[in-house]
Amino acid sequence: MEQSLSHQRNAYLKKNPNAYSVVRGTYTMEQVAQGINSNQFNVYPAPKYSIDLLNRQFKTKLVYGKAVNHSNAYPMFNKKADPKLVKAVNKAMEELKKDGTIKKLSNKWLKGDYVPKD
């Protein structure tokens, strides 16, 4: 029987008690870059565009690991938003993705293609 991930992690930490520690908090991108460059942080979970931004702007040398989930970007609306508005925005976003506009904007402003794949 395969061990659960948490059991594997606990067994690893028992054998290697100083392997890592979890740092929690709210940090600016600059603080994250400083923490990575000084080895205060070893891992930073972030969307790909944030990792690329850190590498460009703060000269970090982050590499991508395996994605931890399959999240996509979604427009957010207030709970009281008009359903017609939500429908219209969703339709427009779909059209902009289909015609390549969102990809162009992603490349221009985020310096890479970060459009979620269907």
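**Exercise 1.** In this predicted model, determine which residue just after α4 takes a positive phi, and characterise the start and length of that helix.

*Solution.* Step 1: just after α4, the residue with a positive phi is G100, at about 90°.
Step 2: at the N-terminal end of α4, D82 acts as the cap. A side-chain oxygen of D82 lies 2.9 Å from the backbone nitrogen of K84.
Step 3: helix α4 covers residues 83–98, which is 16 residues, and at 1.5 Å a residue the span should be 22 Å. The end C-alpha atoms of α4 are 23 Å apart, in agreement with that expectation.

**Exercise 2.** Find how many salt bridges the structure holds, and locate the partners along the chain.

*Solution.* Step 1: the structure holds one salt bridge.
Step 2: its partners are K103 and D113, with the closest N and O atoms 3.9 Å apart; the cut-off for such a pair is 4 Å.
Step 3: K103 belongs to helix α5 (residues 101–110), whereas D113 sits in the segment after α5. The two are 10 residues apart, and the pair links distant parts of the chain.

**Exercise 3.** Describe how α2 and α3 are arranged, and classify the residues of their contact.

*Solution.* Step 1: the axes of α2 (residues 29–37) and α3 (residues 48–58) come within 10 Å and cross at roughly 75°.
Step 2: angles of 65 to 115 degrees count as roughly perpendicular, so α2 is roughly perpendicular to α3.
Step 3: α2 contributes M29, E30, V32, A33 and N37, which meet S50, L53, L54 and F58 of α3.
Step 4: the residues of this contact comprise six nonpolar, two polar and one charged.

Definitions and conventions. Residues are numbered from 1 along each chain as its sequence is written. This is a predicted model: local features need pLDDT of at least 70, side-chain atom pairs count only at pLDDT 80 or more; totals for chains, interfaces and linings use all residues. Side-chain values use heavy atoms; hydrogens and water are left out. Axes are lines fitted to C-alpha atoms, for helices over the stretch in contact, and angles run from 0 to 180 degrees between N-to-C directions. Helices (H or I, at least four residues) and strands (E, at least two) are DSSP runs, numbered from the N terminus. Angles under 35 degrees count as roughly parallel, over 145 as roughly antiparallel, 65 to 115 as roughly perpendicular and the rest as oblique. Contact means heavy atoms within 4.5 Å. Ala, Val, Leu, Ile, Met, Phe, Trp, Tyr, Cys and Pro count as nonpolar, Asp, Glu, Lys and Arg as charged, and the others, Gly among them, as polar. The expected span of a helix is 1.5 Å times one less than its number of residues. A polar contact is a pair of N or O atoms within 3.5 Å; within protein, one must be able to donate a hydrogen and the other to accept it, and residues adjacent in sequence count only if both atoms are side-chain atoms. A salt bridge is a side-chain nitrogen of Lys or Arg within 4 Å of a carboxyl oxygen of Asp or Glu.
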